[in-house]
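I opened this entry to look up how some of the helices pack and what space is enclosed. My notes follow in the order in which I looked.

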Amino acid sequence: MNHTYDVALSFAGEDRKFAEAVAAGLREAQINVFYDDYYAADLWGEDLSVSLRKVYHEASRFCIMIISAQYVEKMWPNFERQQSLERLIKQKGKAYILPVRLDGYSGDVPGLAGTIGFLNVKSNEPEKVVSVFLEKIGKERPLGLRSASGMEPAKAFIPKLKKEFTDKEKNAFLKESFDTIVNLLEHYASETRKRYSHVDYETERVTTRKAVFTLYDNEKQVTQFKVWLGGMLGSNSISFSHGNHIDIENDGSLNESLSVEDSDGELVLKPMGMGMFGAGREGPMVPREAAEYLWKLACQNL
């Protein structure tokens, strides 16, 4: 069965800060999550009893239920739980509801069997929900991903030993980074279109080494940008060019270039620093950070 969302969040308004952190962590991990604030425009003016029933009854693969004393008392969480329970029964017990007990809440949850597995977390541990969910669906945390709280997970200190990377390893990292950046740019464009109905985009994979994006506002082209392997810094770089009308075939000009460098024993992407208007970056970046940086450059005309 195809689902619109990988997971939907059900929570009480008092727990919104925690739910928002979980949603941000899931979205950053490229999980398609239903969190009401992300779809405010879609829900505006709609009959929520119809729209939310569809979300929790059929449109989501899983439902993360954030349970607290407030959750079991509020009207809309009860409504969402009823739709989720109906879906659970329809699936004959196959895992759908993923309940999270927040800050030690141990009370009964109407409709949920006492035998169902719960995840216990504190309100300062949204990243735990993200990590366990990614493990649940068999998805690894993307390289460089921050925790849902916005902080890097605590790590034991392990000294980095100097490593010499071969040309083959650098080329593999460059190609993998290019693919990651293009996929994330398309993801950002898709999420922007979901948020703003007047914004649209087109993607053209010209070759395995070049991709072109076109952004529209009310069907009027406002900017184009392309990303390709190679450029002014040689073959060991990723180039970026943007403007209202760009030359797709001629790669002689660019607005930014990312080169592969060895930083403390890890391969990273180093920008030339040509970005302007608040999107500029200095220092090494992982592919996800590079994609965010280029997306900010591309959106300056939106």
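I began with helix H6 and helix H7 (helices being DSSP runs of H or I, at least four residues, numbered from the N terminus), and I found Ser 177, Thr 180, Ile 181, Leu 184, Leu 185, Tyr 188, Ala 189 and Thr 192 in H6 meeting Pro 287, Arg 288, Ala 290, Ala 291, Glu 292, Leu 294 and Trp 295 in H7, where contact means heavy atoms within 4.5 Å. By class, I noted 10 nonpolar, 3 polar and 2 charged residues in this contact, with Ala, Val, Leu, Ile, Met, Phe, Trp, Tyr, Cys and Pro taken as nonpolar, Asp, Glu, Lys and Arg as charged, and the others, Gly among them, as polar.

I must keep in mind that this is a predicted model, in which local features need pLDDT of at least 70 and side-chain atom pairs count only at pLDDT 80 or more, while totals for chains, interfaces and linings use all residues. Residues are numbered from 1 along each chain as its sequence is written, and side-chain values use heavy atoms, with hydrogens and water left out.

Next I looked up the axes (lines fitted to C-alpha atoms, for helices over the stretch in contact, with angles running from 0 to 180 degrees between N-to-C directions). Those of H6, residues 167-195, and H7, residues 287-298, come within 9 Å and cross at roughly 50°. For helix H3, residues 48-59, and helix H4, residues 75-90, I found that the axes come within 8 Å and cross at roughly 40°. The H3 side of that contact includes Leu 48 and Tyr 56, and the H4 side includes Trp 76 and Phe 79. I noted that its residues divide into 5 nonpolar, 4 polar and 6 charged.

How values were computed: Helix = DSSP H or I, 4+ residues; strand = E, 2+ residues; numbered from the N terminus.
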